[in-house]
Every structure is written in C-alpha cells, then in structure tokens.
Amino acid sequence: MRKAHLGDALTSEWTKIRSVRSTIWTLGIMVLLMLGIGIGVGALVAASDVSTEGETALGLGFFGVLLGSICVITLGVLTIASEYGTGMIRTTLTACPSRARVLAAKAIVFFLLVFAITTVTAALVGLADVAMVDAAEPTGEEWLRATVGVGLFVALLGLVSLGVGAIIRHSAGAITIMIGVLLLPLVAAMFMFAESLRSTREWFLEYAIPSQLIALYAGKSTVTMSGPAGWDPVWIMAVLAAAVLGGAFALINSRDV
C-alpha cells in the first residue's frame, strides 16, 4: 500500500482523455481543419496572381488554426464539465479526494496533448505552404513562432476553456462563453463608429484572439505599433490561463460536487 500521488492522477486522466469519443472527434476535426484549410489556402494563393513579395507563406496556416481552435475550446470545456454533467466527477473525487490534484492532472494532460498535436500539424501545414507558394524564405524565428508558438498559444487557449469549464460546470454555457471570448471583441469593434470609442475599438482589435494569432504569425502588431508582437500573444494567453485556472483552483475546493 502507498499513498496516491500526482503521477497516479495523470495516468487516470490520460486513460480518460484518450478513451472518450469527444477527444477523437474534436482533435480529429481540428487536424482536418488545420490541414485542409491551411494547405487549401496555400494552393489557392500558389495558383493565383496574389503578390507575396516580402511575406512568407507560413501565415497562410492562420485560417485553419483559427477554426481549429474552436475544437480545442470545446474539448477543454468537456474535459472537466462533462464529468459534472454525467455525475462522473463523484467517482473521480472518490478515487482522488484531492480536488486540486485532479484539476492539475487534467490541465497537464490536456495541455501536453493539444500542444503536441497542434505543433506537429502546424509544422506540416507550414512545410506544405512554403513548398507550394513562391514567397520569402522563413527565418528560424518565424518557423519557431509558426509551430511551437502556435502550439503553445492554442494549448493555453484550451487551458482557459478548461478553467472556465471548471468554474461554470456546465458544458453548453462554458463553450458559449469561450466562443464569445473568441469572436465578440472583433464583432463589437466593428460597430464602434464613434470617435470617442476609437481607443476602445483599437484595443479590441489589437487584443482579440484572432488578432493575437495573426501577430504571432507575422511577428508584428496588426493594428498599431503598440499592439502585441512577436511572442507577446503567447505570454498574454499564459497570464490569462493562469488567472482563470487560479480562479478554478480557488473555487473547486469551496463547492459541493
């Protein structure tokens, strides 16, 4: 006999996440979207007369990643909220009474899985687009941001979803909130016509998740010189994930299951 530790919780969560159908469907569709749309856009650009002077082809993978991130958001929420919906969380916490350990194990397993799959898929899309499109040769820094950087950004966005799922404890509600976080800032900025709202509009445009993802690919702000650039989107998403997960850890021990 021995005391259970984090390794046991990690093994349990890895068994669960690779056994349920939601993981196969969400991550499978994410890979298909990233490959299909990313390579498809590259093929269209290669067959057209669009000028790519001074630009690399890596940014063409943005479109597939943006849609694929919706699948990651969904899986992040379901990783924990589905257990509350089915009542399986009671069995989980009976086997592992430490709620913080359960949440930590879910976050670690989910993050590593999404990071690995996103990074590999983004690399495949980048290789295909660079081979097809007559554009500038990417630097090592640009390759790193378009693969590892994108993998980190999407996996951290998934952790935000997991934290929201742990706080809301309702799959549909948490997914709706996260899709709003993904899309609402850009939509709201489109209707801020008043000059008095100019600074607010620019802030929404700069810090919206799609804009940060574009900045990660491009290495520069997409709206003004003061917006996120280079690796800034990854650090911003890391801080947001830490804040949301911190709230989830604080609440999980003060609630009944």
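Mentor: Before we start, please fix one convention: Ala, Val, Leu, Ile, Met, Phe, Trp, Tyr, Cys and Pro count as nonpolar, Asp, Glu, Lys and Arg as charged, and the others, Gly among them, as polar. Please also keep in mind that this is a predicted model.

Trainee: With that convention, how do the residues lining the largest cavity divide into nonpolar, polar and charged?

Mentor: The lining of the largest cavity is made up of M34, L58, G61, V65, A122, V125, G126, A146 and Y217. Gly counts as polar under the convention, and G61 and G126 are both among the lining residues. The division is therefore seven nonpolar, two polar and no charged.

Trainee: Which helix gives the largest share of that lining, and what is the volume of the largest cavity?

Mentor: The count of cavities of 30 Å³ or more comes to three. In the largest of them, the leading share of the lining is three residues, and these come from α5. As for the space enclosed, the volume of the largest cavity is about 50 Å³.

Trainee: How do the residues lining the second largest cavity divide by class?

Mentor: The second largest cavity holds about 40 Å³ of space, and its lining consists of Y84, A166, I167, R169, A248, L251, I252 and R255. Arg counts as charged, and R169 and R255 are both in that list. By class, the lining of this cavity has six nonpolar, no polar and two charged residues.

Trainee: Which helix supplies the largest share of the lining of the second largest cavity?

Mentor: Helices α6 and α10 each contribute at least two residues to the lining of this cavity. The largest share amounts to three residues, and the helix that supplies them is α10.

Trainee: Turning to the packing, which element gives the most residues to the largest nonpolar core?

Mentor: The largest nonpolar core has 56 residues, of which F110, L159 and L213 touch the most other members. Two or more residues come from each of α2 (21-47), α3 (62-86), α4 (88-95), α5 (99-132), α6 (140-168), α7 (171-190), α9 (209-218) and α10 (232-252). The element that contributes most to this core, with 12 residues, is α6.

Trainee: Which residues does L213 touch, and which residues are included in the second, separate core?

Mentor: Not counting residues up to four places away in sequence, L213 touches F62, V65, L66 and F153. The second core is separate and has five residues, and among its members are V41, V45, L60 and V133.

Trainee: How far apart are the end C-alpha atoms of α2, and which span should its residues give?

Mentor: The expected span is 1.5 Å times one less than the number of residues, so the 27 residues of α2 should span 39 Å. The distance between the end C-alpha atoms agrees with that expectation, and its value is 38 Å.

Trainee: Which helices do the buried residues of α2 pack against?

Mentor: The buried residues of α2 are T23, T26, L27, M30, M34, G38, V41, G42 and V45. The helices against which these buried residues pack are α1 (6-19), α3 and α5.

Trainee: Within α2, is T23 buried or exposed, and which class does L33 fall into?

Mentor: T23 lies in helix α2, and its relative accessibility of 6% is under the 20% cut-off, so T23 counts as buried. Leaving aside neighbours within four places in sequence, T23 is in contact with I17, G28, L75 and L113. L33 is also in helix α2, but its relative accessible area is 24%, so L33 is partly exposed.

Trainee: What does F62 contact, leaving aside its neighbours within four places in sequence?

Mentor: F62 is placed in helix α3, and at 10% relative accessibility F62 counts as buried. With neighbours within four places in sequence left aside, the contacts of F62 are P210, L213, I214 and Y217.

Trainee: Which residues are in contact with F111, again leaving aside neighbours within four places in sequence?

Mentor: F111 belongs to helix α5, and because its relative accessibility is 18%, under the 20% cut-off, F111 counts as buried. Its C-alpha atom is separated by 28 Å from that of V130, which is 19 residues apart from F111 along the chain. Beyond four places in sequence, F111 is in contact with L152, A155, L156 and L159.

Methods:
Residues are numbered from 1 along each chain as its sequence is written. This is a predicted model: local features need pLDDT of at least 70, side-chain atom pairs count only at pLDDT 80 or more; totals for chains, interfaces and linings use all residues. Side-chain values use heavy atoms; hydrogens and water are left out. A nonpolar core is a set of buried Ala, Val, Leu, Ile, Met, Phe, Trp, Tyr and Cys residues joined through side-chain atoms within 4.5 Å. Buried means under 20% relative accessible area, exposed over 50%, partly exposed in between (1.4 Å probe, protein chains only). Helices (H or I, at least four residues) and strands (E, at least two) are DSSP runs, numbered from the N terminus. Contact means heavy atoms within 4.5 Å. On a 1 Å grid over the protein atoms alone, a cavity is a set of points where a 1.4 Å probe fits but cannot get out, and a pocket is an open set with protein on both sides within 12 Å along at least five of seven lines; lining residues have an atom within 4 Å of a point. Grid points are joined across faces, edges and corners, and a volume is the space filled by probe spheres set on the points.
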